[in-house]
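Here are a few exercises to get you started with this structure. Keep the sequence and the 3D view open, try each task, then read the solution.

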Amino acid sequence: MNTWNKKPVPRELTKELTETYGIDALTAAILIRRGVMAGEDIQYFLEDDKRFLHSPFAFTNMEDAVDRILQARDEGEKVLIFGDRDVDGVTGTTVLYECFTSLGIDTRWRLPGGNDAYGLNKAAVDEFAADYGTLIVTIDCGISNGEEIAYAASLGIDVIVLDHHNPPETLPSPAIIMDAKCAGAGYPFADISGCAVAFKTTSALRFAQSELYKQEICLLSVRPVNEAYTISCMKVQNLVQKAVLEETVIPGSVPVGKTRLPDFLRGQQIFVWDGEQTRNMLTAVFGTGVEFNLMDIRPEIAKRIPAVAGLSLVRLKSHSKIARYNPAKATEIEGFYNIFVTYMHKQLAAQFPRHEQAEERELQLVALAAIADVMPLKNENRIFLRHGLAAINAGRVRPGLLELLSHRDLLGKRITSTTLAWQVVPVLNAAGRLGQPELAAELFMEETPTKRDALAAKIVELNNQRKRLDAESFVYAKESAETSIAKHADKLCVVIDERIHRGVSGLVAGKLCGCYNIPAIVATVVDDTVIGSMRSCRSCDATKFLNKMDGIFLNHGGHNSAAGFSLKKDRMDEFMQTLELLAPTIELTEDTSGIVNVDAELPPSYLKPDVLNVVDAFEPYGEKNQPLTFMSQSLRIIDAQITGKGERTHLKLTLDCGEHKWPAMFWGESGRLHRDFDKGDSVDILYEIKRNLFNGMETPQIILKDIRRREAN
């Protein structure tokens with residue numbers, strides 16, 4: 001029996017959100033129940049503009065990576081992109097390859113195939129060295145390849161690591177590393193996919209084609225404060241804030257040379273918002289003998305953004321959406337910076353229209369990767385998904401994905417994050433799981449439509465094979481799963497079975513994790529190597545757990561909830577014994593699987609078709625942002641039908657919601673009719689609202705999660 005948990009929401013907090021962000025009370029209440037109350041989090045639910053994406057140059061090492069890649073272009077070097085076999089690795093490899101080749105870089109790519117281990121390997125390094133290669137860029141791998149990277153360096157090959165997996169204690173060296181999870185990475189959001197790191201890199205490479213690359217600019221504003229003036233200066237490089245200085249000076253009290261301004265401004269190109277007014281105020285502070293070399297940028301910005309032409313910095317600040325969500329940035333200099341960056345984005349989009357087209361194609365791949373690698377759908381991941389899905393649903397589907405959608409009979413249908421998760425990502429992943437990831441990469445890179453169509457057909461067939469292997473392997477795993485749990489203190493499920501295909505070990509581990517609500521390890525044996533996957537839950541960190549057996553593994557790594565490993569077969573007994581010793585130390589959070597959190601209670605008067613607008617506002621759904629769950633009380637069942645064939649049959653109900661009569665599906669629960677409720681009963685329901693597509697028509701539909709009969713008073 002599920003517990004329906006509807007958290008109370010303080011009215012004053014709801015009112016604050018509605019007034020601050022201009023949203024309705026229902027949306028505000030849902031955000032509060034989901035713990036999304038800070039402006040910096042709310043902005044990613046309410047805004048779609050790419051302006052809210054973090055700058056690629058927030059990565060501390062981005063400029064070094066860009067310079068090294070451009071050096072390879074300028075000196076005619078050979079570059080190898082080495083990715084991973086899954087969707088994240090394939091899409092990241094594609095993004096980099098398309099960008100590098102468009103820049104004229106001599107590029108080749110490679111993915112682990114067959115029974116190759118995860119990550120960069122020495123054989124690939126040797127082959128590249130024999131081909132006189134000098135730069136390897138890893139994508140979605142590399143952070144755990146310290147030995148291989150050092151080996152590459154010994155052969156005169158530089159390595160750039162673009163990754164997003166949890167880093168080891170000792171980072172690879174020598175290498176330029178960009179992994180947002182590394183200490184000192186500089187990036188403000190750690191949970192982006194490997195493909196997103198590739199996208200950030202290509203965005204930086206495109207920016208490097210502009211005159212602004214590496215150019216340092218200083219924004220300056222002056223405002224009166226009582227009898228003094230405050231002079232604010234901000235250094236900006238690659239559109240990222242580098243330093244801020246603020247001086248408050250009483251007119252005539254101190255010469256400019258005694259302030260910090262000369263050192264800060266020396267050699268700078270200084271932009272101001274209102275040249276005449278700014279000069280007048282600086283003269284009032286320091287007298288006529290001091291001259292500042294200022295450029296009034298407002299007229300140029302107004303050409304691109306006419307709405308700001310007559311605004312002062314004070315009024316500009318109040319119009320800033322970014323400042324609305326981030327009160328700490330509600331200053332004049334921050335407002336100036338925000339509008340300057342927005343202007344430059346528009347300017348660069350006009351100057352380089354092909355860059356916008358490339359970004360649109362790339363963001364479709366970034367969207368796939370975010371879903372495939374189960375990235376939390378918060379922060380900028382939401383904007384990645386929204387832009388990727390918007391392009392797909394507008395009919396601007398990138399090559400490769402177009403053919404795959406066609407083979408999945410999805411062209412012309414509304415594509416959501418759920419569609420990608422259930423009908424697209426597993427198909428693409430099948431190529432890598434069955435040892436042929438190059439097929440997925442070729443699907444995206446191939447220029448000939450007929451060849452892409454053939455590749456899509458082959459990948460779909462591989463997915464059919466994958467499904468059969470998955471089903472068979474799960475049967476084998478279940479045979480020993482429960483016995484294993486008892487041996488591991490009821491905190492861990494461990495299955496090692498040579499009959500399990502290595503390509504589906506992660507899927508099987510995920511299913512076991514879901515069945516028993518504890519972490520699961522599934523491994524198989526390939527030649528003389530044990531290769532396995534771990535899936536975790538209830539706050540058990542998979543990589544930290546595997547780190548405790550570091551000395552046993554050939555390699556291991558991954559994320560908090562999903563990781564992989566390999567070890568020599570002759571160490572399997574040691575591995576199993578160690579697991580039995582470590583299992584009791586696993587700390588699991590409370591089992592909350594029987595508790596269903598309610599996002600909002602909807603009275604019958606709210607159950608109109610336009611409630612879909614609220615459901616749509618919280619798209620995309622996925623990890624850390626599950627579909628909205630509603631509850632309603634005292635709805636009468638006016639019709640009930642059993643549908644479906646075989647053992648598992650379903651219920652189709654019609655509910656009286658006053659003005660509207662709603663269809664409701666209760667999957668697999670036909671047995672509850674006549675037992676727990678009946679036609680004519682008044683019931684309370686727990687449900688999601690989704691679209692039902694029938695004969696080309698979309699209608700809203702209730703999908704029931706639970707139902708309770710109300711007892712007559």
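Buried means under 20% relative accessible area, exposed means over 50%, and partly exposed is in between (1.4 Å probe, protein chains only). Before you start: this is a predicted model, where local features need pLDDT of at least 70 and side-chain atom pairs count only at pLDDT 80 or more, while totals for chains, interfaces and linings use all residues. Residues are numbered from 1 along each chain as its sequence is written, and side-chain values use heavy atoms, with hydrogens and water left out.

**Exercise 1. Work out how Phe57 and Tyr213 meet, and whether each is buried or exposed.**

Step 1: start with the accessibility. Phe57 has a relative accessible area of 7%, so call it buried. Tyr213 comes out at 14%, which is buried as well.

Step 2: check the rings. Rings of Phe, Tyr and Trp (its six-membered ring) pair if their centres lie within 6.5 Å; planes under 30 degrees apart are stacked, over 60 edge-to-face, and the rest tilted. Phe57 and Tyr213 sit 6.0 Å apart, centre to centre, with 40° between the planes, a tilted pair.

Step 3: place them in the chain. Helices (H or I, at least four residues) and strands (E, at least two) are DSSP runs, numbered from the N terminus. Phe57 is in the loop between helix 3 (39–46) and helix 4 (62–74), and Tyr213 is in the loop between helix 8 (194–207) and strand 7 (216–225), so the pair ties together parts 156 residues apart in sequence.

**Exercise 2. Find the strand order of the open sheet of five strands and say which strands stand at its edges.**

Step 1: use the pairing rule, by which two strands pair if DSSP finds at least two bridges between them. The order is 12-13-14-16-15, and the pairing is mixed.

Step 2: look at the ends. Strand 12 (493–496) and strand 15 (555–558) each have a single partner strand, so one side of each is left without a neighbour in the sheet.

Step 3: zoom in on one pairing. Strand 15 and strand 16 (residues 562–568) run antiparallel and share four bridges. Here, His556 is opposite Phe565 in strand 16.

**Exercise 3. Describe the ring partner of Phe565.**

Step 1: the partner is Phe553; the two ring centres are 5.2 Å apart and the planes make 35°, so this pair is tilted.

Step 2: Phe553 belongs to the loop between helix 22 (542–547) and strand 15, twelve residues from Phe565 in strand 16.

Step 3: Phe553 has 9% relative accessible area, so it's buried. Phe565, at 3%, is buried too.

**Exercise 4. Compare the surroundings of two salt bridges, Glu403 with Arg452 and Arg636 with Asp656.**

Step 1: recall the cut-off: a side-chain nitrogen of Lys or Arg within 4 Å of a carboxyl oxygen of Asp or Glu. The whole structure has 47 salt bridges.

Step 2: Glu403 and Arg452 have their closest N and O atoms 3.1 Å apart. Glu403 is in helix 17 (residues 401–407) and Arg452 in helix 20 (residues 449–487), 49 residues apart. Glu403 is buried at 8%, and Arg452 is buried at 8%.

Step 3: for Arg636 and Asp656, the closest N and O atoms are 3.7 Å apart. This pair links strand 19 (residues 630–643) to strand 20 (residues 650–657). Arg636 is partly exposed at 41%, and Asp656 is partly exposed at 22%.
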